[in-house]
Amino acid sequence: MSHRLRGSQTWEVRASALARKTHNVIREIVENLQVEPNPNKPLIALSIGDPTTFGNLNPPDQVLQAVRDSIELLKSRSYGPGKGHQDVREAVAEYCSHQGPVTPDDVILCSGCSHAIEMAVTVLADAGQNILVPRPGFLIYRTLSEGLGIEIKYYNLLPDQQWIVDLEDLENQIDDKTAAIVIINPSNPCGSVYSKEHLTEILDVASRNCVPIIADEIYEHMVFSGNEYHAISSLSTDVPVLSCGGITKRFLVPGWRMGWVIIHDRQKIFEKEVREGLNNMTTRILGPSTLVQRALPAILQLTPQSFFDEVLLFLESQAKLAYEALRRIPGLRPVMPQGAMYMMIQIKMSLFPQFKSELQFVERLMSEQSVFCLPGKCFAFPNYMRIVLTVPEDVLREACDRITVFCREHVASRDTLKEVDSNTVSVEPVDEVIFANKT
Ligand SMILES: *Cc1c(COP(=O)(O)O)cnc(C)c1O
């Protein structure tokens, strides 16, 4: 190799390894689908996890006014401290006091919850280490980790038990390279909400193995009647927890990009390095938007409870509507959510032998009925699809009607199934109830 004094004589500008290895999993899967809607039917996208898409769900005026007021404050233009303004962190500490004792020093403001997650993952894990994430689960963890050489390992959730964690599987996945366990509660995509007892069982696993927890609680408080939300940090006596949250989902303002990491560290395990590490990391973007920061105390303090109640009542009634409609459909098995804004639906693939996978199922549902649902593969969980519940009621009804027509047209007849059954070794047992409903 000759010694070069100057740059190359030809243009060869490469993207970094980080850039090349960073993938948006959902976008990639969706781009590879053949998803042209039927030109004769208006498209219904049940795929987009953004509650603002249809214009039917809006924040209350107090929230909008808070940002208007912030614009008028000339100081809302200035840089703030990396971890956020002190008075704003005080307001967040107060808002998060159900999570356990929280001081303003334990609060780091971030540019949305995904930035909070990035902070939590990257402060705990180095290249070569791994983090454990739920399957099915929201795959931003993969997007954020892969490019950095942080390995994603999955632990299973149990669909037949309201998606609780398979504790044995979780513990089996832990090795000496495990930097953190991620718990998403309430869950995207499952809509599950964990009981106090179950959260304690998860904490026991983490405690036995001395692994910290990253709690993705962006859907905190978004639980349906009969369920109770507990922050996992509020139950921990020893396991240190980084709670990631924000205003995106509960206040219906995803584009405002305001979130936070809350440090919960009863035994001062993070004192040695992690707390300082988080502080260091805040200097990478010089802190999140001060315009929204200045509005945040008012947003958190003045939003009326009735707004939250109404949104949740709507989401719960949508969940019931979809559940009642879809559970009658031959070949589908919806799992009733307990919170958040999604529903997972099992597609009994053995009853749709013409489709090779749930990907083909959602493709054909799109090309024939113009209804688009996200395939389970987007959450590392095949044979399921996810729908969002935030669409207007009449749209959801129409979507369920179209899904019904589609399934009736494609579910295998008894005779076909017998044939398939004799030709293949493993086919799910045929559920008689499904046929009873079909007629
Ligand atoms: C939407 C979502 C996020 C990201 O929230 P932002 O504040 O928009 O970055 C994080 N985790 C889960 C589980 C989500 O569903």
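**Group meeting: the ligand site and some backbone details**

Hi everyone, let me start in a loop: tryptophan 163 lies between strand E4 (151–158) and strand E5 (164–165). Please keep in mind that this is a predicted model. What is the phi of tryptophan 163 near? The value is near 65°, so a positive phi in a residue that is not glycine. As background, most residues other than glycine have a negative phi, and most peptide bonds are trans.

That brings me to two peptide bonds. From arginine 135 to proline 136 the bond is cis, and its omega is near 0°. Proline 136 belongs to the loop that runs between strand E3 (130–135) and H6. The bond from asparagine 188 to proline 189 is cis too, with omega near 15°. Here the loop is the one between strand E6 (178–184) and helix H8 (196–209), where proline 189 is found.

Asparagine 188 is a nice bridge to the ligand. Besides taking part in that cis bond, asparagine 188 places a polar side-chain atom 2.9 Å from an oxygen atom of the ligand. Tyrosine 219 has a polar side-chain atom 2.6 Å from a ligand oxygen, and for arginine 257 the distance from such an atom to a ligand oxygen is 2.8 Å. How much of the ligand does the protein bury? On its own the ligand exposes 390 Å², and the protein buries 93% of that.

Now the shell as a whole. There are 13 residues around the ligand, and those that come nearest are Cys113, Ser114, Tyr219, Thr248 and Lys249. So Tyr219 turns up among the nearest residues as well as in the 2.6 Å approach to a ligand oxygen. Which element gives the most to this shell? Helix H5 (residues 112–124) does, with four residues. Sorted by class, the shell holds six nonpolar, four polar and three charged residues.

Let's step back to the pocket. The ligand sits in the largest one, and that pocket holds about 750 Å³ of space. Its lining counts 30 residues, and closest to the centre are Ile26, Gly49, Phe138, Ile140 and Lys249. Two or more lining residues each come from helix H2 (25–32), H5 and helix H6 (140–146). H2 gives the largest share of that lining, with five residues. So H5 leads around the ligand, whereas H2 leads in the pocket lining. Lys249 is worth a click in your viewer: it is among the residues nearest the ligand and among those closest to the pocket centre. By class, the pocket lining divides into 16 nonpolar, seven polar and seven charged residues.

Last stop, the cavities. How many cavities of 30 Å³ or more does a search of the whole structure find? The search finds two. The largest cavity has a volume of about 50 Å³. Lining that cavity are His221, Met222, Arg250, Phe308, Val311 and Leu312, which by class gives four nonpolar residues, one polar and one charged.

If you take one picture away, let it be this: the ligand sits in the largest pocket, with 93% of its exposed area buried by the protein. Thanks for listening, and I'm happy to go back to any view.

Definitions and conventions:
Residues numbered from 1 in each chain as written. Predicted model: local features only at pLDDT ≥ 70, side-chain atom pairs only at ≥ 80, totals over all residues. Heavy atoms only, no water. Near = heavy atom within 4 Å. Polar contact = N/O pair within 3.5 Å; in protein donor to acceptor, adjacent residues only side chain to side chain. Areas by Shrake-Rupley, 256 points an atom, 1.4 Å probe, with all protein chains shown as cover. 1 Å grid on protein atoms, 1.4 Å probe; cavity = no way out; pocket = protein on both sides within 12 Å on 5 of 7 lines; lining within 4 Å. Sits in = over half its atoms within 2 Å of the grid points. Nonpolar A, V, L, I, M, F, W, Y, C, P; charged D, E, K, R; others polar. Points joined across faces, edges and corners; volume = space filled by probe spheres on them.
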